[in-house]
Amino acid sequence: MSVIERKRNRDLPQINERIRFPKIRVIDTDGSQLGILTPQEAQQLAEEKELDLVLLSDKAEPPVCRIMDYGKYKFEQEKKAREARKKQHTADVKEVKMRYKIEEHDYNVRVKQAERFLKDGDKVKATVMFRGREIQHSDMAEKLLKRMATDLEALGEVQQMPKKEGRNMMMLISPKK
């Protein structure tokens, strides 16, 4: 048997004749324990019921197997995995851009946007852009970003303090758990 074949067999699920232990604990379809048997005996019981012998836990002493319909079991596992993926939310990074000379109303609009993003479970990247000589006023931009951080304190926490990146100053806020 080549190395590739051995690897392929290791990836296959441990059912029926692939179970290689001297003794196994067998559980029936209704959940009752049939006791400790050899894999051959358990395999025979499963064949009589036209079902499969499936290894549930190889860490237990002795390993635990169950008599069940493997196709149905596999389908149920895939269904659970699909449901779990559906409920999962990936946190995106949403950006809120402004200039340091922003008017009060426009600033409030940006804060409302950031609040909405944080409530949705996304991170917010607040960016202040500089044009021309405006870059001299980076202290005013930092004040603006810190003000935004205090306004959003209830919903999020600052993950990255304001820092300069070229002609921009940015800060990262992540939603509170």
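1. In this predicted model, helix H4 (residues 104-119) and helix H5 (residues 138-151) pack with their axes 11 Å apart and at an angle of about 50 degrees. Because that angle is neither under 35 degrees nor within the range of 65 to 115 degrees, H4 and H5 are described as oblique to each other. The crossing of the two helices is right-handed. On the H4 side the contact is made by Glu104, Tyr107, Arg110 and Val111, and on the H5 side by Leu144, Arg147, Met148 and Asp151. By residue class, the contact of H4 with H5 comprises 4 nonpolar and 4 charged residues, with no polar ones.

2. Asn108 also belongs to helix H4. Its relative accessible area is 36%, so Asn108 is classed as partly exposed. Along the chain Asn108 and Met148 are 40 residues apart, while their C-alpha atoms are separated by 9.4 Å. Met148 is one of the H5 residues that make the contact with H4.

3. Ahead of H4, attention may be given to Lys101. This residue is found in the loop between strand E5 (93-99) and H4. With a relative accessible area of 53%, Lys101 is exposed, the threshold for that class being over 50%. The C-alpha atoms of Lys101 and His137 are 9.9 Å apart in space, and the two residues are 36 apart in sequence.

4. The UniProt record, an unreviewed entry, carries the annotation "domain: Translation initiation factor 3 C-terminal" for residues 92-176. In the model this span is 35% helix and 38% strand. The C-alpha atoms at its two ends lie 15 Å apart.

5. The same kind of annotation should be noted for an earlier part of the chain. UniProt (unreviewed entry) places the feature "domain: Translation initiation factor 3 N-terminal" at residues 15-84. Residues 15-84 are 36% helix and 29% strand in the model, and the end C-alpha atoms of the span are 25 Å apart.

6. Phe21 is located in the loop between helix H1 (3-11) and strand E1 (24-27). At 26% relative accessibility, Phe21 is partly exposed, since the buried class requires a value under 20%. Leaving aside residues up to four places away in sequence, Phe21 touches Gln14, Pro39, Leu55, Asp58 and Pro63. For one of these partners, Pro39, the C-alpha to C-alpha distance from Phe21 is 7.0 Å, with a sequence separation of 18 residues.

7. Two features of the backbone merit inspection. Most residues other than glycine have a negative phi, and most peptide bonds are trans. Glu50, which is not a glycine, nevertheless has a positive phi of about 55 degrees. Glu50 is placed in the loop between helix H2 (39-48) and strand E3. Its relative accessibility of 72% puts Glu50 in the exposed class. In space, the C-alpha atoms of Glu50 and Asp69 are 8.3 Å apart, although 19 residues separate the pair in sequence.

8. The second backbone feature is a cis peptide bond. This bond joins Glu61 and Pro62, and its omega is about -5 degrees. Pro62 lies in the loop between strand E3 (52-57) and strand E4 (64-68).

Conventions. Residues are numbered from 1 along each chain as its sequence is written. This is a predicted model: local features need pLDDT of at least 70, side-chain atom pairs count only at pLDDT 80 or more; totals for chains, interfaces and linings use all residues. Side-chain values use heavy atoms; hydrogens and water are left out. Helices (H or I, at least four residues) and strands (E, at least two) are DSSP runs, numbered from the N terminus. Buried means under 20% relative accessible area, exposed over 50%, partly exposed in between (1.4 Å probe, protein chains only). Axes are lines fitted to C-alpha atoms, for helices over the stretch in contact, and angles run from 0 to 180 degrees between N-to-C directions. Angles under 35 degrees count as roughly parallel, over 145 as roughly antiparallel, 65 to 115 as roughly perpendicular and the rest as oblique. A crossing is left-handed if the near helix is turned anticlockwise from the far one by less than a right angle, and right-handed if clockwise. Contact means heavy atoms within 4.5 Å. Ala, Val, Leu, Ile, Met, Phe, Trp, Tyr, Cys and Pro count as nonpolar, Asp, Glu, Lys and Arg as charged, and the others, Gly among them, as polar. UniProt positions are given in the numbering used here, feature names are shortened, and annotations may be inferred rather than shown by experiment.
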